[in-house]
Structure formats: C-alpha cells, structure tokens
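Please open the structure in a viewer and keep the selection panel at hand. The stops below proceed from one selection to the next.

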Amino acid sequence: EGEELGFKIEANLSADNDWVKMAKLVPWSEFEANYSSNFAPRRGPAAKSFRIALGALIIKEKRGLTDRETVQQIRENPYLQYFIGFTNYSYETPFDASMMVHFRKRINQETINNIHKIIVENEEFSEKENRGKLLADATYTPANIKYPTDINLLNSVRKQTEKVIDILHKNRQNLLDKKPRTSRNLARKDYLTLAKKRIVTQKERRKAIKKQLQYIKRNFSHIDHLIEKNNNLTCLGKSDYKKLLVAREIYRQQQELFQDKKQSIDHKIVSLSQPHLRPIV
C-alpha cells in the first residue's frame, strides 16, 4: 500500500479528451528539424525537446495563461503532460518558467502560425483511437471536460438553449406560431472569431463574453415564453431538462462574474454536462 498522498495508479487516458486528440493533430516531427537548427552543437545540459517547447506555447496561448501559470498547469494535469510528450505522470515541475522565454525565441513566429492554422482549420479532431497511459496520482481524478474558459462554457450554454428552443417549438400547441429568432449563426460566428485567435486581449475577451451573454439572455426569454404558452416541458426529456436548469445557473454565475469583473465565484460550474465537477486550484 502506498502513502496517502503518494500512491500511484496506472490509468488510461480518455481518447476523447481534446488534448489527446490535439497531440495527434500537431505535426511534431515535421517541424522538429526547423527547431533543432536553432541549436549549435555544444556541451552542457540537453535542450528541451521541440514537443515540450511547442506544446508549452500552445497550452499557454489556448488557455490564456502567464508563463508561470503554464508551468503550473502542466505540472498538475496529466493530459497536458501527455500532450507535450511525457510518458509518465510526474508532479515535479517540468521546467522553470523562465524557459518559456527561450521557447519563444527558438520557435519562430512562422512555425507557430503554421501549426496554429492546422489546428483551427480542423475543428473536428480525428476520431481514430488513441489510448495513452500515464501514472496518475490517486488523490484526484482527471475529468474529460474542456478547459473551463468562460467563453467556451457560454458557447455550450448558448447551443443548449438553442436546442431547447428547437424542441419546444417543434412540440408547440399552435402550429401556426412562428419560430423565435435566435441569431445562432451570428452568435457562432462571434464565438469562432475569438476562438480562432492565437492571442486574445482582455478587452476582446470581455466583449465576446458580453455578446454571448446577450444571446443567451434572449434565448432564455424565448424559452420562458414558449413554456408559458404551451405549459408543457415533458417534450424536453430528462437530460435536456437537467441541462436547462444547469444552463440557467451557469448564465447567472457568468453574468455576475462579468458585471462585477471577478475572476472566480463560489461553487462555479465549469461543465454543462457535468455540473458536479470542480477544478483543482
């Protein structure tokens, strides 16, 4: 038996996790030669691999982290360690935060732009099975959810409210009633405009969040009207009804965070489908 905080178990990583999928999507070897050419033969400690360097930069930009936060996230998350090429989970600091500066110097902007283009042009990741194995700490269990950036969470809520509107309208009592306008195409375009940006400023992020909150608020107004008019929610089914309740609470939390310009809130929901989960801080 292992120690309470040091017990290790072998665990299969989920092939459906975005970081596992993206690890297959990035052409590591294709750009390895370009990266290696930045180093002259010398004695001393070996440089970090291209996968570690590029992987760390991708993690930093996709999650909007500082250099120090990036290192800490990699240290705590086995999926991120798998993404940058580790074969065993380790709680040791993977590298010093100061190395991020060297990574940016050694991987030119053209390389980053090319890889970023490959990623954003493939919104649907490969479904080919990829089961990675890491040694994971039994004191916590990684969950297969997207990293809870608020804009991604709001996008999920918006799509769920649109689905509920579709169901309620389809099962309306008066077949002559017109379907409420949701502006879903414009809302999706606004979301993708931010999601596909390599670097996002705080001002751009707040503007995008504000728009998604407005779309969701409008959708909830349509939903409430449809419910009041038809007085029937049985057509939603148990799963969609539960998600509707969760979506309302997520909207409330995100509205409060936005208005008060706060970074956190008690009992913050980070997943529409798994509202019981809480991130490790």
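Select R252 first: its relative accessible area in this predicted model is 41%, so R252 counts as partly exposed. Add E256, which is also partly exposed, with a relative accessible area of 24%. The two side chains form a salt bridge, with an N to O distance of 3.2 Å. Both residues belong to helix α11 and stand four residues apart, about one turn of the helix. Extend the selection to E249 and K262, which join R252 and E256 in a network of salt bridges.

Next, display the whole of helix α11, residues 237–260. Its 24 residues should span 34 Å at 1.5 Å a residue, and the 35 Å between its end C-alpha atoms agrees with this. Colour the buried residues of α11, among them D240, L244, Y251 and F258. Which helices do these buried residues pack against? They pack against α8 (150–170) and α10 (202–230). Just after α11 comes K261, which has a positive phi, near 55°.

Move now to helix α8 and select D166 together with K179, which lies in the loop between α8 and α9 (184–195). A salt bridge joins their side chains at 2.7 Å, N to O. The pair links distant parts of the chain, 13 residues apart. D166 has a relative accessibility of 25% and therefore counts as partly exposed; K179, at 39%, is partly exposed.

The following selection is D190 with K211, whose side chains meet in a salt bridge of 3.9 Å, N to O. Because D190 is in helix α9 and K211 in helix α10, this pair ties together parts 21 residues apart in sequence. Is D190 buried or exposed? With a relative accessible area of 17%, D190 falls under the 20% limit and is therefore buried. K211, at 30% relative accessibility, counts as partly exposed. Over the whole structure, a search finds 14 salt bridges.

For the last stop, select helix α3 (residues 50–63) and helix α6 (residues 99–106), whose axes come within 10 Å and cross at roughly 105°. The two helices are therefore roughly perpendicular to each other. On the α3 side, show I52, A53, A56, L57 and K60; on the α6 side, show M100, F103 and R104, which complete the contact. Of the residues in this contact, six are nonpolar, two are charged and none is polar.

Note on methods: Residues numbered from 1 in each chain as written. Predicted model: local features only at pLDDT ≥ 70, side-chain atom pairs only at ≥ 80, totals over all residues. Heavy atoms only, no water. Axes fitted to C-alpha atoms, helices over the stretch in contact; angles between N-to-C directions. Parallel < 35°, antiparallel > 145°, perpendicular 65-115°, else oblique. Contact = heavy atoms within 4.5 Å. Nonpolar A, V, L, I, M, F, W, Y, C, P; charged D, E, K, R; others polar. Expected span 1.5 Å × (residues − 1). Buried < 20%, exposed > 50% of the residue type's maximum accessible area, 1.4 Å probe, protein only. Salt bridge = Lys/Arg side-chain N within 4 Å of Asp/Glu carboxyl O.
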